[in-house]
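Hi,

Here is the structure I promised to send over. Have a look at it first, then read on for my notes.

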Amino acid sequence: MNGLRFHGFGHYAPDNRIDNNKISEGLDTNDEWIRTRTGIKNRHFVSEGQLNYEVAKNACERAIKDAGIDKDDISYLIVCSFCAEFPVPSLACMVQEELGIKDTCTCFDINAACSGLL
């Protein structure tokens, strides 16, 4: 992997956004407490029936566009998530299939575990 470089980055957040006030309803916390400790102001939730590989696919399409490359130029596909629906196949492999990225592309997931990683 000598000479490995990132050429583009992509992100995607679903439209369904919920702020800390809504999250803290019924809990012993509030927006100020959450914001000062985590920096989080709101969260994005997938719509009913939307799967994580669809969200990851949208982010990957943006990364490809940001890099200005063709999907056939991709050698590695890394997907970072903490809530993949399936342990196997990996989320990265599902995105690879959805986008039609070549079989020789190395794909793997990184478990994000918490918002601190992002």
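Below is what I found, going from the whole chain down to one helix pair.

One thing to keep in mind: this is a predicted model, and the values here are computed from it.

Starting with the overall layout, the chain has four helices and four strands. Going along the sequence, they come in the order β-α-α-β-α-β-α-β. If you box up the C-alpha atoms along the principal axes, you get roughly 50 × 30 × 25 Å.

On burial and surface: the chain has 118 residues, and 26% of them count as buried. About 8,500 Å² is exposed, with 51% of that coming from carbon and sulfur atoms. As for contacts, take those with a separation of 6 or more: 67% of them link residues 24 or more positions apart.

Now the helix pair. H3 covers residues 52-67 and H4 covers residues 91-99; they pack at an angle of about 65°, and their axes are 9 Å apart. The crossing of the two is right-handed. If you want to pick out the contact on screen, select these:

- from H3: Asn 52, Tyr 53, Ala 56, Lys 57, Cys 60, Glu 61 and Ile 64
- from H4: Leu 91, Met 94, Val 95, Glu 98 and Leu 99

What sort of residues make up the contact of H3 with H4, by class? Eight are nonpolar, one is polar and three are charged. The charged ones are Lys 57 and Glu 61 on H3 plus Glu 98 on H4, while Asn 52 of H3 is the polar one.

Cheers

Definitions and conventions
Residues are numbered from 1 along each chain as its sequence is written. This is a predicted model: local features need pLDDT of at least 70, side-chain atom pairs count only at pLDDT 80 or more; totals for chains, interfaces and linings use all residues. Side-chain values use heavy atoms; hydrogens and water are left out. Axes are lines fitted to C-alpha atoms, for helices over the stretch in contact, and angles run from 0 to 180 degrees between N-to-C directions. A crossing is left-handed if the near helix is turned anticlockwise from the far one by less than a right angle, and right-handed if clockwise. Contact means heavy atoms within 4.5 Å. Buried means under 20% relative accessible area, exposed over 50%, partly exposed in between (1.4 Å probe, protein chains only). Accessible areas come from the Shrake-Rupley method with a 1.4 Å probe; for residues, only the protein chains shown count as cover.
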